[in-house]
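Please look at the chain below with its interior and its backbone in mind. The explanation takes these two topics in turn.

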Amino acid sequence: MAGSTSNSILNVGVIGYGLSATIFHIPFITTTPTLKLHSILQRNPNQSASSAPRDHPDVKHFTSLDQFLADEDLDVVVVTTPPQTHFSFTQQALQAGKHVLVEKPFVPTAAEADALISLSREKGRLICVYQNRRWDSDFLTVKKLLADGNTLGRIVEFETHFDRFRLEKPASWKGSLGMDQGGSALYDLGTHLIDQVYVLFGMPRSVFATLVSQRDGLLSGPQHPDLEPDSVTAQLFYEDGLIAFVRIAVASAETRQPRFWIRGTKGSYRKDGLDPQEPQLKSGMKTNDANFGRESPEWNGKLTLVGDNGSMLERDCPNVEPETYSKIYELWGHAATRNREQDVPVPASQARDVLRIIEAIKESARSRREIELS
């Protein structure tokens, strides 16, 4: 590595040069004061529509993982390749003495997560998992409402949705990679939703779930043990009576797709529409644009509160001030420069817990029974 981990600026190398790297990582690496884009590993830049050497002529370029990791000036590795590569690439980066930020889903299994956590501690290096939707403005709004404790009262039901109308299967690896390799809607989108539930409420007592291929009209279970789901309905049960519903769909024909519906003893909160950061980044908006992360008022959430006389009052609930996905990189940069595991914004141990929930969901869908977690 380039000197000690107390360096004020760390050299970052990116593995992969697809959508994840170009949209969700490099724009934030290049605008984070503690980080510097140092190198990119792209296997075949001359055979790809996107060429890292062409787009970033001032950084180092590699086509070999061994040579990429052998660079002594490299401090931090960002893994942006498909999920089935995450374990191997993260393992090799840690063995080479680098800190690692890994795209979600972290790895396909909780056992692999545990192995990498042990290796990172043995090598004295950090792992952060890119659960960027912890910094969606609507989720930060939900966190604030729940942290208040008074506004909604005790939460009895929590719904989180990722619904779309997409009847065509993706042409990328997202349409072909199996669950055993970290593919399917459960790992791709479910990781985001389950992680948000985990952040708010911790590990559930048990789960019950159904996995579905809405495109093919098939239901998970003994008759379809190898079904690769594009849709998910999962219930997470908590000791205080809370039930969290996680729902993903590809056959949802709505002009306003639901996002959150939270019911408490003093009120409820509803929110439609997805956080705008992803489409803004894809459209070319810069991360320092004043409108980055901001929704128009028509997408404000709705807060319904119970008055002292039992009357219901509904009002708009705008999102909190956006922190944006810049925040995860800001926090990760500070953690890596200090080499402090307790400062990592999304520790691998938390991603491991989310994988435990995902594995319980898979088992519940396969056996069609409730699965105990704790």
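What follows goes from the nonpolar core to a few backbone details.

This is a predicted model, in which local features need pLDDT of at least 70 and side-chain atom pairs count only at pLDDT 80 or more, while totals for chains, interfaces and linings use all residues. Residues are numbered from 1 along each chain as its sequence is written, and side-chain values use heavy atoms, with hydrogens and water left out.

The largest nonpolar core (a set of buried Ala, Val, Leu, Ile, Met, Phe, Trp, Tyr and Cys residues joined through side-chain atoms within 4.5 Å) has 100 residues, and those with the most contacts inside it are Phe106 and Tyr329. Helix H11, residues 348–367, gives the most to this core, with nine residues; helices (H or I, at least four residues) and strands (E, at least two) are DSSP runs numbered from the N terminus. Leaving aside neighbours within four places in sequence, Phe106 is in contact (heavy atoms within 4.5 Å) with residues including His86, Ile127, Ala351 and Leu355.

Most residues other than glycine have a negative phi, and most peptide bonds are trans. The peptide bond from Lys104 to Pro105, however, is cis, with omega near -10°, and Pro105 is found in the loop between strand S5 (99–103) and helix H5 (110–123).

Thr324, in the loop between strand S15 (312–317) and helix H10 (326–338), has a positive phi near 65° and is buried, with a relative accessible area of 9%. Arg368, in the loop between H11 and strand S16 (371–372), has a positive phi near 60° and is partly exposed, at 46%. Buried means under 20% relative accessible area, exposed over 50%, and partly exposed in between, with a 1.4 Å probe and protein chains only.
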